[in-house]
Amino acid sequence: MLDHHQSSRREEFGEVSARLTLAAVVAWFVDARLDQDHGPKAVPFYCDQNRIGAFAVNPEELAVGREPTLFQLFVTLSMYQALRDVVIMQQQRSLPRNMMRVVADADLVKESIAHHACPALGSAHAFEESCDVSKFGKVIDCGVCPGANCQVKDATMVFNRMGDLGKLPTSAWLRIWKEGGLHQLLVEVCRETISPTERAMLLVDRFMQVHRVGRKLATMFVSALSTPILYPGFTPWFPRIDGNELMVIDTNVARGIDLLRAPNDSKTYSSRESWLREQAASIDLRGFRPGLPSYSPRLVQQALYAFCSKSNRVASQDPCAKTPLSCDRCAPRLCPFVEASSG
C-alpha cells in the first residue's frame with residue numbers, strides 16, 4: 001500500500017504527464033490545424049455553405065453583429081447536441097432554405113409567433129409553463145391548440161429529432177431577441193461587471209435559460225462572438241466581451257480530460273472545466289507561435305477537441321486517418337487513431 005509521500009509523488013507525476021500531453025496536443029493543433037481552421041483566410045464552419053448549406057450565416061453581417069444574423073447563428077449552433085458534428089452538418093446541408101427559415105430566420109419566427117392565437121406564445125413565462133408540443137413517431141401535436149399549425153410544430157418537423165427541440169427557436173426569440181432584447185442584454189451585462197471575461201461567463205448563464213440550451217451550447221455561441229484567436233474578423237463582441245476563458249466541454253473533450261486525470265476524479269462539466277483551465281494556466285501559448293496570447297483556455301480546449309475527434313479529423317483529411325504517422329511529437333495517449341486509445 002502506498003504511503004502518503006508515494007501517493008503525492010504519483011499525483012505530481014500524473015499532473016506533469018498530463019501537462020506535457022496537453023502541450024503536445026497544442027503543438028499539433030498550432031502546427032496542423034490553427035491556420036487551416038482558424039487563420040485569417042479561414043471561414044468558420046458556420047459561414048460555409050459547403051459544410052452546412054442554407055444554415056450558413058452571412059460573414060459580413062456576422063462581423064458587425066447584426067441581430068437577425070446572430071439569431072440564425074444561435075439556432076444553427078444549438079443543433080449540435082446529442083449527435084456527432086458531422087451528422088448534424090449532413091442534416092443541415094440536406095435542409096432547403098425554406099425549411100432553414102422556419103427555425104433560424106428571426107423575422108419569420110417573429111411573424112409566426114405574433115400572428116398566432118395560442119396563449120402559450122404570449123411571453124417566455126407562458127411558453128415555458130404551457131407549451132406541450134410533442135412528437136410521437138411522425139405525429140406532432142399539442143394539447144393547448146390541438147390540430148392547429150404553429151411555429152413550434154413546424155420547427156419540430158424541421159429538426160426531426162426529440163419532441164421538444166422544436167421549442168428552441170421560439171424560446172430564444174421570446175427570452176432573448178424579442179423587441180431588441182439581445183442589445184439590451186449586452187448593455188446589462190456590461191453594466192454588471194467591468195471584466196470582459198466575467199461578462200462572457202454571465203452571457204453563457206443568460207443563454208442557458210433558452211429551452212434545451214445547456215452550458216456547452218451557450219458557451220459555443222458566446223465564444224464564437226468573442227474569441228478572436230479562433231475566429232479572427234468574426235467576433236463583434238470582442239473586446240468588451242472576452243471569451244478566451246470559456247470552455248466547450250463536449251464528448252471528445254470530456255473523454256480526453258478523463259484520460260489525463262485520476263480515474264476517480266469527478267465527471268461533472270464544472271470539474272472538467274476547472275481542471276482544464278488550471279492546466280491551461282501553466283501553458284504559455286507564445287512558446288508555440290509568436291502572436292498568440294500567453295493564456296487562452298479556449299484555445300487549449302479547442303486543440304483538445306480537434307485532436308480527440310476522430311470523425312472531424314477524418315472529415316478534414318487528416319493524414320493520420322489513412323496512415324498513422326510517427327507519434328514522437330504527438331500524443332498517442334489521446335490519439336483516436338491509436339488502437340489502444342478509447343476513442
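Leaving aside its neighbours within four places in sequence, which residues is Thr197 in contact with? In this predicted model, the partners of Thr197 beyond those neighbours are Asp242 and Glu245. Thr197 itself sits in helix H13, which covers residues 196-207. The relative accessible area of Thr197 is 18%, and the limit for a buried residue is under 20%, so Thr197 counts as buried.

**The chain as a whole**

Stepping back from that one residue, here is the overall picture. The chain is built with 18 helices and two strands. Its radius of gyration is 22 Å, close to the 20 Å that the globule rule gives for 343 residues, so the chain is as compact as a globular protein of that length. Some further values for the chain are set out below.

| Property of the chain | Value |
|---|---|
| Span of the C-alpha trace along the principal axes | about 70 × 45 × 45 Å |
| Residues that count as buried | 50% of 343 residues |
| Exposed area | about 16,500 Å² |
| Share of the exposed area from carbon and sulfur atoms | 51% |

Contacts that reach across the sequence are well represented too: of those with a separation of 6 or more, 63% join residues 24 or more positions apart.

**The largest pocket**

If you would like a place to start looking in the structure, try the largest pocket, with a volume of about 990 Å³. It is lined by 44 residues, and the closest to its centre are Asp85, Asp250, Gln302, Tyr305 and Asn312. Several helices give two or more residues to this lining, namely H2 (34-38), H6 (85-94), H14 (215-224), H15 (251-260), H17 (297-308) and H18 (310-315). Helix H17 gives the most, with six residues. Sorted by class, the lining of the largest pocket holds 21 nonpolar, twelve polar and eleven charged residues.

**Helix H10**

Another element to visit is helix H10, residues 151-159. Seven of its nine residues are buried, so H10 is largely enclosed by the rest of the structure. Those buried residues are Gln151, Val152, Lys153, Ala155, Thr156, Val158 and Phe159. Just after H10 comes Asn160, where the backbone takes a positive phi of about 55 degrees.

Notes: Residues are numbered from 1 along each chain as its sequence is written. This is a predicted model: local features need pLDDT of at least 70, side-chain atom pairs count only at pLDDT 80 or more; totals for chains, interfaces and linings use all residues. Side-chain values use heavy atoms; hydrogens and water are left out. On a 1 Å grid over the protein atoms alone, a cavity is a set of points where a 1.4 Å probe fits but cannot get out, and a pocket is an open set with protein on both sides within 12 Å along at least five of seven lines; lining residues have an atom within 4 Å of a point. Grid points are joined across faces, edges and corners, and a volume is the space filled by probe spheres set on the points. Helices (H or I, at least four residues) and strands (E, at least two) are DSSP runs, numbered from the N terminus. Ala, Val, Leu, Ile, Met, Phe, Trp, Tyr, Cys and Pro count as nonpolar, Asp, Glu, Lys and Arg as charged, and the others, Gly among them, as polar. The radius of gyration is taken over C-alpha atoms; the globule rule is 2.2 Å times the number of residues to the power 0.38. Buried means under 20% relative accessible area, exposed over 50%, partly exposed in between (1.4 Å probe, protein chains only). Contact means heavy atoms within 4.5 Å. Accessible areas come from the Shrake-Rupley method with a 1.4 Å probe; for residues, only the protein chains shown count as cover.
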